[in-house]
Amino acid sequence: MRRGLWALAALLLLTAACAAPAEQGPEEARTVSEEAAESPAGQDRAIVAYERIIESFGGGTYPAEFGDAYLEDNYLWVCLTDGSEQMQEKYLALSGDPEILRFRKVDYGCNDLRALQDAIVDTPEIVFASVGVNVAENRVDVGIPDLEQEERTMERIRVHLPPELAERFPEELPVEISQEDFATVS
């Protein structure tokens, strides 16, 4: 499923990058072409680099320093809790394509954010429309239908955190709550 999401995201970004507005004049079109020529053939290379990194972990949980990765500006941005040069070198080697990688220092690893996401989903007495890890922002996003319940929702999450998560997040939770209605499928 994860590969499918990456492939879908890559396809959407590629489609958006290739689509030019009908009113665009020759000057703007040349600029778009020049930008495309200057950047690496990003999406496909980024997907391959990401898959290599993930496969190197051998399944299961990720290394504690790995905050996951996302595609932006034709580069694969690898989020690391340890932004040292040594750690960056490790991921450059794992990727097999160091030119496509960029790094971002983050506070929380992917394992911690996913555990927090799971704990939020299991929290009783809260109503949410969506819950998901926001890799680029290094947090968990929670969509609730009634924003007046934001404070109560945060309180319920905090009270029902398993002890090991409460220890990992002793102060403010990396959670962003916003209003989101339930999607209906017809």
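1. A word on terms before we start: a residue counts as buried when its relative accessible area is under 20%, and as exposed when that area is over 50%. Keep in mind too that this is a predicted model. With those terms, helix α6 is a friendly place to begin: E151, E155 and V159 are exposed on one side of α6, while its buried residues are T153, R156 and I157. The buried ones cover an arc of only 100° around the axis, which puts them on the same side of α6. In general, an α-helix has 3.6 residues a turn, so residues three or four places apart point the same way.

2. What lies over the buried residues of α6? The cover includes α5, β5 and β6. Two of those names, β5 and β6, belong to an open sheet of three strands, ordered β4-β5-β6 with mixed pairing. Because β4 (130-134) and β6 (175-179) stand at the edges with a single partner strand each, one side of each is left without a neighbour in the sheet. On average, neighbouring strands here are turned by 20° against each other, direction ignored.

3. Looking at the pairing in that sheet, β4 and strand β5 (residues 139-144) run antiparallel and are joined by five bridges. If you want a spot to find by eye, N134 stands opposite R139 in β5. Helix α5 (residues 110-121) packs on this sheet and touches β4, β5 and β6; the direction of α5 makes about 170° with that of β4. Helix α6 (residues 150-159) packs on the sheet as well, touching β5 and β6, and its direction makes about 145° with that of β6.

4. Now to another sheet. Strands β1, β2 and β3 form an open sheet in the order β1-β2-β3, and the pairing is mixed. Its edges are β1 (66-72) and β3 (101-105); each has a single partner strand, so one side of each is left without a neighbour in the sheet. Neighbouring strands of this sheet are turned by 25° against each other on average, direction ignored.

5. Which way do the strands of this sheet run in each pair? Strand β2 (residues 75-80) pairs with β3 in the parallel sense, over five bridges, and C79 stands opposite R104 in β3. By contrast, β1 and β2 run antiparallel, joined by five bridges. In that pair, E72 stands opposite Y75 in β2.

6. The link between β1 and β2 deserves a look of its own. These strands form a hairpin with two residues between them, and D73 in the turn has a positive phi of about 55°. As for β1 itself, the strand is mostly covered, with six of its seven residues buried.

7. Helix α4 packs on the β1-β2-β3 sheet, touching β1, β2 and β3, and its direction makes about 145° with that of β3. Which residues of α4 (residues 85-95) are buried? They are M87, Y91, L92 and S95. These four cover an arc of only 140° around the axis, which puts them on the same side of α4. The face turned away from the buried side carries the exposed residues E85, Q86 and A93.

8. A last detail to check on your screen is what comes after α4: the helix is followed by G96, whose phi is positive, near 75°.

Note on methods: Residues are numbered from 1 along each chain as its sequence is written. This is a predicted model: local features need pLDDT of at least 70, side-chain atom pairs count only at pLDDT 80 or more; totals for chains, interfaces and linings use all residues. Side-chain values use heavy atoms; hydrogens and water are left out. Two strands pair if DSSP finds at least two bridges between them. Axes are lines fitted to C-alpha atoms, for helices over the stretch in contact, and angles run from 0 to 180 degrees between N-to-C directions. Contact means heavy atoms within 4.5 Å. Buried means under 20% relative accessible area, exposed over 50%, partly exposed in between (1.4 Å probe, protein chains only). The arc is that of the directions from the helix axis to the C-beta atoms.
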